[in-house]
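Please open the structure in your viewer and keep the sequence panel beside it, since each stop on this tour begins with something to select. The stops follow one another through the chain, and each says what to look for once the selection is made.

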Amino acid sequence: MEAFHAGLQTKLGKVSLYRDEGVVLRTHKLGEADRIITVLTKRTGKIRGVAKGVRRTSSRFGARLEPFTHVDLQLHTGRTLDVVTQVETIRPYGEALVADYPRYTAGVAMLETADRLIAGEKEPALRQFLLLVGGLRALAAAEHEARLVLDAYFLRSLAVAGYAPALDACARCQATSVRAFAIVAGGVVCGNCRPAGAAVPEGETLALMLALLKGDWAVADASEARHRTECSGLVAAYLQWHLEHGIRSLRHVEREPAT
């Protein structure tokens with residue numbers, strides 16, 4: 001089989017059939033029975049493919065191509081959209097999330113953010129894929145408060161994309177005595193560099209943001225509710241400013257931590 005595929009590549013100048021694993025980000029209907037799926041894959045990056053006949057009740061793998069599902073895919077290269085030919089489920093994260101509103105809405109925001117952050121198709125994005133899988137796994141395991149997991153995902157995915165906020169020294173002059181958080185400046189700023197309109201969060205809030213960025217869950221889990229709420233507001237604003245548009249699913253995410 002490998003020799004046959006190699007022959008196709010030589011003859012056609014491109015790979016006709018390929019396999020990858022990925023997380024389904026979103027789907028939408030096509031025609032009467034088909035569906036277009038958007039998947040963030042491990043090796044290929046973000047891809048869009050057609051799953052033919054999956055909306056029929058007799059479909060063999062329709063249920064496997066739902067958002068949140070970590071799948072192993074085989075696709076055939078098409079002229080505009082690739083065609084899904086085989087699907088195997090690796091982990092159905094949605095099953096653990098749909099019954100828990102805070103975790104489900106946090107997961108939806110993760111999927112939308114991954115889709116927005118990775119603009120181009122078929123551009124390898126391994127680190128973003130691993131972050132998304134890790135975030136969904138943490139949500140499903142319910143080891144941390146859902147909004148903490150979401151904010152950690154936002155901060156780390158922004159860092160991978162090159163937009164990590166400065167949190168321990170002034171974003172403009174590197175002074176260690178910081179007084180405010182300015183989105184336009186790229187993070188925390190000192191008194192001399194502080195622009196008009198900069199937020200003035202509590203020191204514990206900035207410490208929480210830094211803990212989430214670094215994965216220090218001992219500090220994050222011990223944080224107080226008011227600092228989590230302030231952190232979420234700053235992280236959401238910072239994310240959407242860099243994406244240059246809003247994340248629609250954020251309106252459904254619970255801002256107040258569970259008590």
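Begin by selecting I36 together with V50, for V50 in β3 is the bridge partner of I36. Keep in mind from the outset that this is a predicted model, and that what is described here was computed from it.

**The strand around I36**

Now widen the selection to the whole of strand β2, which covers residues 34–41 and is mostly covered, with eight of its eight residues buried. In a regular strand the side chains alternate between the two faces of the sheet. Colour D34, I36, T38 and L40 as one set and R35, I37, V39 and T41 as another, and you will have the two sides of β2, both of which are covered. Which residue of β3 stands opposite R35? Select A51, and you have the residue of β3 that stands opposite R35.

**The neighbours of β2**

Add strand β1, residues 17–30, which runs antiparallel to β2 and is joined to it by eight bridges. Within this pairing, pick out G22, which stands opposite T41 of β2. Then move to the hairpin of β1 and β2, where three residues lie between the strands and where G31 takes a positive phi near 65°.

On to strand β3, residues 46–51, which pairs with β2 in the antiparallel sense over six bridges. The hairpin of β2 and β3 has four residues between the strands, and in this hairpin G45 is the residue to select, as it takes a positive phi near 100°. Strand β3 is itself mostly covered, since five of its six residues are buried.

From β3, extend the selection to strand β5, residues 82–92. Do β3 and β5 run parallel or antiparallel? They run parallel, and two bridges join them; to see one of these places, select G49 and its bridge partner in β5, D82.

**Aromatic pairs**

Next, show the side chains of the aromatic residues, among which three aromatic pairs are counted. Take F68 and Y104 to begin with, a tilted pair with 5.6 Å from centre to centre and 55° between the planes. This pair links distant parts of the chain, as F68 is in the loop between β3 and β4 (69–76) while Y104 belongs to helix α3, residues 101–117, and the two are 36 residues apart. Is each of the two rings' residues buried or partly exposed? F68 counts as buried because its relative accessibility is 4%, whereas Y104, at 32%, counts as partly exposed.

Then select Y153 and F154, another tilted pair, with 6.3 Å from centre to centre and 50° between the planes. Y153 is buried, with a relative accessible area of 3%, and F154 also counts as buried, at 0% relative accessibility.

**The largest pocket**

Switch now to a surface view and look for the largest pocket, which has a volume of about 350 Å³. To find it, select L25, R26, V108, E112 and R248, which lie nearest its centre among the 14 residues that line it. Both β1 and α3 supply at least two residues of this lining, and α3 gives the most, with six residues. If you colour the lining of the largest pocket by class, it should show six nonpolar, three polar and five charged residues.

**A loop residue**

Select A185, whose place is in the loop between β6 (180–182) and β7 (187–189). Although this residue is in a loop, A185 counts as buried because its relative accessibility is 15%, which is under the 20% cut-off for that word. Show A171 and R172 as well, for A185 is in contact with these two when its neighbours within four places in sequence are left aside. With P165 added, a distance label between the C-alpha atoms of A185 and P165 should read 9.0 Å, although the two are 20 residues apart along the chain.

**The whole chain**

Finally, clear the selections and return to the protein chain as a whole, where there are eight helices and seven strands. Of its 259 residues, 47% count as buried. Among contacts between residues at least 6 apart in sequence, 57% join residues at least 24 apart.

Conventions:
Residues are numbered from 1 along each chain as its sequence is written. This is a predicted model: local features need pLDDT of at least 70, side-chain atom pairs count only at pLDDT 80 or more; totals for chains, interfaces and linings use all residues. Side-chain values use heavy atoms; hydrogens and water are left out. Buried means under 20% relative accessible area, exposed over 50%, partly exposed in between (1.4 Å probe, protein chains only). Two strands pair if DSSP finds at least two bridges between them. Rings of Phe, Tyr and Trp (its six-membered ring) pair if their centres lie within 6.5 Å; planes under 30 degrees apart count as stacked, over 60 as edge-to-face and the rest as tilted. On a 1 Å grid over the protein atoms alone, a cavity is a set of points where a 1.4 Å probe fits but cannot get out, and a pocket is an open set with protein on both sides within 12 Å along at least five of seven lines; lining residues have an atom within 4 Å of a point. Grid points are joined across faces, edges and corners, and a volume is the space filled by probe spheres set on the points. Ala, Val, Leu, Ile, Met, Phe, Trp, Tyr, Cys and Pro count as nonpolar, Asp, Glu, Lys and Arg as charged, and the others, Gly among them, as polar. Contact means heavy atoms within 4.5 Å.
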